[in-house]
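Welcome! Here is a short briefing to help you find your way around a new structure. Take a look at it first, and then we can go through a few places together.

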Amino acid sequence: YDTPSCADGRQTIVHLFEWKWTDIAQECERFLADAGFCAVQVSPPMEHAVVEENGYPWWQRYQPVSYKLESRSGNRQQFIDMVQRCNAVGVRIIVDAVVNHMTGLGRSGQGSGGSSFNADNRDFPGVPYSSLDFTPRSMCPSADGNINNYNDVNEVRNCYLVGLTDLYGAKDYVRQMISGYYNDLVEIGVMGFRVDAAKHMWPKDLEAIQGLTHDLNTNAGFPSGQRPFFFHEVIDQGGEPITVDQYFSVGRTTEFRFGKKIAWGINDFSQLANIYDPGWGMAPSDKALVFVDNHDNQRGHGGAGDIITFKQPKEYKMGVSFSLAHDYGFMRIMSSYYFDDSDQGPPGSNNGGSTDDVPINADGSCGGGWVCEHRWNPITQMVKFRNAVAGTQMANWYQEGDNVAFSRGDKGFFAMSKYGSFDKTLQTGLPAGQYCELISHCANKVTVNGDGTARIIINNSEEPIFAICAGCDG
Ligand code: QV4
Ligand code: CA
């Protein structure tokens, strides 16, 4: 479950947060395929609550009403069309799977697909689930039925996360409904799943659900016998009894400590060494799903604090570029929309809860309130670098003040200078020859000498990043 079935050895996924299926299909065809992205993580595609009183917030999509593929991002037919069109150009789809719970207590009415529901009665006829399918109250040790004490494993996994009706994952029927949802998606051609709130589910229940889940669909271009890729959202920053290693048998885990270490390191380059800190309990590289920020911590939700985002563009470009140059973990890029309010939905959501299209400007940037970090020059270019150096080790580490550099085997060399001016001869580990510097699109040409050294010049205050790799033409 750890290995994503990427086409052509591609190494990076992008979360197109709250994008519509029609826009994602176009983005696969017009940008992501050529840019060398492995896959898109899409917002939860199942039917969700419609929370008018909070202005149709982004988080309504984390409150499932049924597993019908009818959401703010589009309907079932549009979802299928997206998966087929993305697969056709070698870009895979990863689904954000919200399966720990259904909607929050107090909610009732109709979901985004028209199914009726009543959370207080635990009644979700669109699945269907009834009161028998939710974790028995007797199994939750907290006084109010909610999770308050993260030091009690039974409370974290058997009580309600912020009032969200908690599914009883030990029950066969519940396992069948969840795996039925997965199998529908696998049949359509998705490559894998981000399991939302996996910290609040028992690993043995996840294992049973996976056991009922089919191999990837060979008609969608996957090799036969290939298991879906799974990564589990487990916020582990140390100090709690639930740790990422408890989930290694069921796939990868989100490594939230990575984003913090990047934020600290961009602030003080001397902290960029030893990003992978096993002493802190961080997942080994082949178990870690890494990211500089995500849709929660960029707006003060789960795992927030000491995180850099698109709101600090220069620092963010450096943080993501360094991460992509590094050899640790499987990398996800965040692609956001601008917001002032942490509840705020995507562009257009104030208009009755719908979503606007993503317009592309003449210079390749996005308009209409969409940030599109994945289209920011250094980020796009470093995705190519990561593909080119895959499988190599880091070497020739150099750090002095606000300058850092390292090589990736004999395939690539990366450097970064916080204040944008650097001029020094360093060992690149590369074979002699002429190389195109990637961030400048080959405006800078670099000569590697017979002994592997090269004069590295950075002269750019906004994008103070340098990268060369074997076979990269800019
Ligand atoms: C409110 C009260 C509760 C009360 C309840 C009663 O706050 O005290 O019990 O009503 O009905 C929203 C609201 C929240 C509301 C809740 C239920 O913000 O105030 O409770 O709905 O109606 C996202 C948001 C949450 C949001 C949720 C569901 O972040 O704010 O809650 O969606 O709409 C922990 C977890 C981790 C989690 C992280 C945020 O370990 O798993 O918190 N991260 C994932 C997702 C995240 C999502 C969920 C889990 C839930 O990445 O985006 O939460 O699916 O760290
Ligand atoms: Ca649970």
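How are the donor residues of the calcium ion (ligand 2) spaced in sequence? Their spacing reads N-x56-R-x8-D-x33-H. Please keep in mind that this is a predicted model.

**The calcium site**
- The calcium ion (ligand 2) is coordinated by Asn100 through OD1, by Asp166 through OD (listed twice), and by Arg157 and His200 through O, at 2.4 to 2.6 Å.
- Asn100 sits in the loop between strand S3 (92-97) and strand S4 (101-104), while His200 sits in the loop between strand S8 (192-195) and helix H5 (203-211), so this pair ties together parts that are 100 residues apart in sequence.
- Asn100 and His200 are both buried.

**Around Lys287**
- You will find Lys287 in the loop between helix H6 (256-267) and strand S11 (288-290).
- Lys287 counts as buried because its relative accessibility is 14%, and buried means under 20%.
- Beyond its neighbours within four places in sequence, Lys287 is in contact with Asp2, Phe248, Gly251, Arg252 and Thr253.

**Helices H6 and H7**
- The axes of H6 and helix H7 (residues 313-325) come within 10 Å and cross at roughly 120°, so the two helices are oblique to each other.
- Their crossing is right-handed.
- H6 contributes Phe258, Ile262 and Ile266 to the contact, and H7 contributes Glu315, Met318, Gly319, Phe322 and Ser323.

**The annotated domain**
- An unreviewed UniProt entry places the feature "domain: Alpha-amylase C-terminal" at residues 395-473.
- Over residues 395-473 the chain is 57% strand and 0% helix, with the end C-alpha atoms 23 Å apart.

Definitions and conventions: Residues are numbered from 1 along each chain as its sequence is written. Chains are lettered from A and ligands numbered from 1 in the order in which they are written. This is a predicted model: local features need pLDDT of at least 70, side-chain atom pairs count only at pLDDT 80 or more; totals for chains, interfaces and linings use all residues. Side-chain values use heavy atoms; hydrogens and water are left out. Donors are N, O and S atoms within 2.8 Å of the metal (3.2 Å for Na, K and Ca); water is not among the atoms, so sites may look incomplete. Helices (H or I, at least four residues) and strands (E, at least two) are DSSP runs, numbered from the N terminus. Buried means under 20% relative accessible area, exposed over 50%, partly exposed in between (1.4 Å probe, protein chains only). UniProt positions are given in the numbering used here, feature names are shortened, and annotations may be inferred rather than shown by experiment. Contact means heavy atoms within 4.5 Å. Axes are lines fitted to C-alpha atoms, for helices over the stretch in contact, and angles run from 0 to 180 degrees between N-to-C directions. Angles under 35 degrees count as roughly parallel, over 145 as roughly antiparallel, 65 to 115 as roughly perpendicular and the rest as oblique. A crossing is left-handed if the near helix is turned anticlockwise from the far one by less than a right angle, and right-handed if clockwise.
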